[in-house]
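Subject: Structure handover and findings

Hello,

Please find the structure below, with notes on what was found in it.

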Number of protein chains: 2
Amino acid sequence: MKYNAKVYVSLKKGYSDPEGETAANALRGLGYTVDDVRASKAYEVSFQAEDRETAEAVLDEMCRRLLTNPTKDDYSFEIREV
Amino acid sequence: MKYNAKVYVSLKKGYSDPEGETAANALRGLGYTVDDVRASKAYEVSFQAEDRETAEAVLDEMCRRLLTNPTKDDYSFEIREV
């Protein structure tokens, strides 16, 4: 089976996010009423797995081994079959 | 009203994505059956607007003016009231 996944990687709470802060300040400078901006990364991964359960387990492993740094990142993903 | 939005920014088709290709190759090297990886950016934006319609219009404007480069990026967003 083929699966398509979106993986969202954001910094854990407590880590400062200068890119997000800069974007928030720039948006305020343009006149928008912005409270907060957090910048994060996203990956779209197309991969193969036997079934949905395996796909979730495999993707979680990919996240922990390569796509994220579990010490400083939070991540979440959505998988759909294609 | 306060709104929370997730904005996803990815390169348009046709633009090469060396970060995604590198991640895909690294995952293959680790033994995963990966077809493709596209790297993209995401922003979580907390902002204020009068109603949902205004919120969508304002956020779309923020995307076009600052968060994305409409020449080379595709973007999409999800808004929820908080």
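Over how many bridges do strand 2 of chain A and strand 2 of chain B pair? They pair over 13 bridges, in the antiparallel sense. Two strands pair if DSSP finds at least two bridges between them. Strands (E, at least two residues) and helices (H or I, at least four) are DSSP runs, numbered from the N terminus.

First, the conventions. This is a predicted model, in which local features need pLDDT of at least 70 and side-chain atom pairs count only at pLDDT 80 or more, while totals for chains, interfaces and linings use all residues. Residues are numbered from 1 along each chain as its sequence is written, chains are lettered from A and ligands numbered from 1 in the order in which they are written, and side-chain values use heavy atoms, with hydrogens and water left out.

The sheet

The pairing of the two copies of strand 2 belongs to an open sheet of six strands, in the order 3(A)-1(A)-2(A)-2(B)-1(B)-3(B), with antiparallel pairing. Its edge strands are strand 3 (73–81) of chain A and strand 3 (73–81) of chain B, each of which pairs on one side only. From one strand to the next the twist averages 20°. Angles run from 0 to 180 degrees between N-to-C directions, and axes are lines fitted to C-alpha atoms, for helices over the stretch in contact.

At the junction between the chains, Val45(A) stands opposite Val37(B) in strand 2 of chain B.

Within chain A, strand 1 and strand 2 run antiparallel and are joined by eight bridges; Tyr3(A) has Phe47(A) in strand 2 of chain A as its bridge partner. Strand 1 of chain A is also joined to strand 3 of chain A, by nine bridges and again antiparallel. There, the bridge partner of Tyr8(A) is Ser76(A) in strand 3 of chain A.

Within chain B, strand 1 and strand 2 pair in the antiparallel sense over eight bridges, and Lys2(B) stands opposite Gln48(B) in strand 2 of chain B. Strand 1 (residues 2–11) of chain B pairs with strand 3 of chain B over nine bridges, also antiparallel. In that strand 3, Tyr75(B) is the bridge partner of Val9(B).

Helices on the sheet

Helix 2 (residues 52–67) of chain A lies across strand 1 (2–11), strand 2 (34–48) and strand 3 of chain A, and across strand 2 (34–48) of chain B. It runs at about 150° to strand 3 of chain A. Helix 2 (residues 52–67) of chain B packs on the sheet too, touching strand 2 of chain A and strand 1, strand 2 and strand 3 of chain B. Its direction makes about 150° with that of strand 3 of chain B. Contact here means heavy atoms within 4.5 Å.

Helix against helix, across the chains

Two packed helices are described by the angle between their axes and the distance between the axes.

Helix 2 of chain A and helix 1 (residues 18–29) of chain B pack at an angle of about 110°, with axes 11 Å apart. That makes them roughly perpendicular (65 to 115 degrees; under 35 is roughly parallel, over 145 roughly antiparallel, the rest oblique). The crossing is right-handed (the near helix is turned clockwise from the far one by less than a right angle; anticlockwise would be left-handed). Met62(A), Leu66(A) and Leu67(A) meet Ala23(B), Ala26(B) and Leu27(B). By class, this contact has six nonpolar, no polar and no charged residues (Ala, Val, Leu, Ile, Met, Phe, Trp, Tyr, Cys and Pro count as nonpolar, Asp, Glu, Lys and Arg as charged, and the others, Gly among them, as polar).

The axes of helix 1 (residues 18–29) of chain A and helix 2 of chain B come within 11 Å and cross at roughly 110°, so these helices are also roughly perpendicular. Their crossing is right-handed. Here Ala23(A), Ala26(A) and Leu27(A) meet Met62(B), Leu66(B) and Leu67(B), and the residues divide into six nonpolar, no polar and no charged.

Two residues

Lys6(B) lies in strand 1 of chain B and, at 29% relative accessibility, counts as partly exposed (buried is under 20% relative accessible area, exposed over 50%, partly exposed in between; 1.4 Å probe, protein chains only). Leaving aside neighbours within four places in sequence, its contacts include Tyr8(A) and Phe77(B).

Val82(A), in the segment after strand 3 of chain A, is exposed, with a relative accessible area of 55%. Its C-alpha atom is 6.6 Å from that of Asn4(A), 78 residues away in sequence.

Regards
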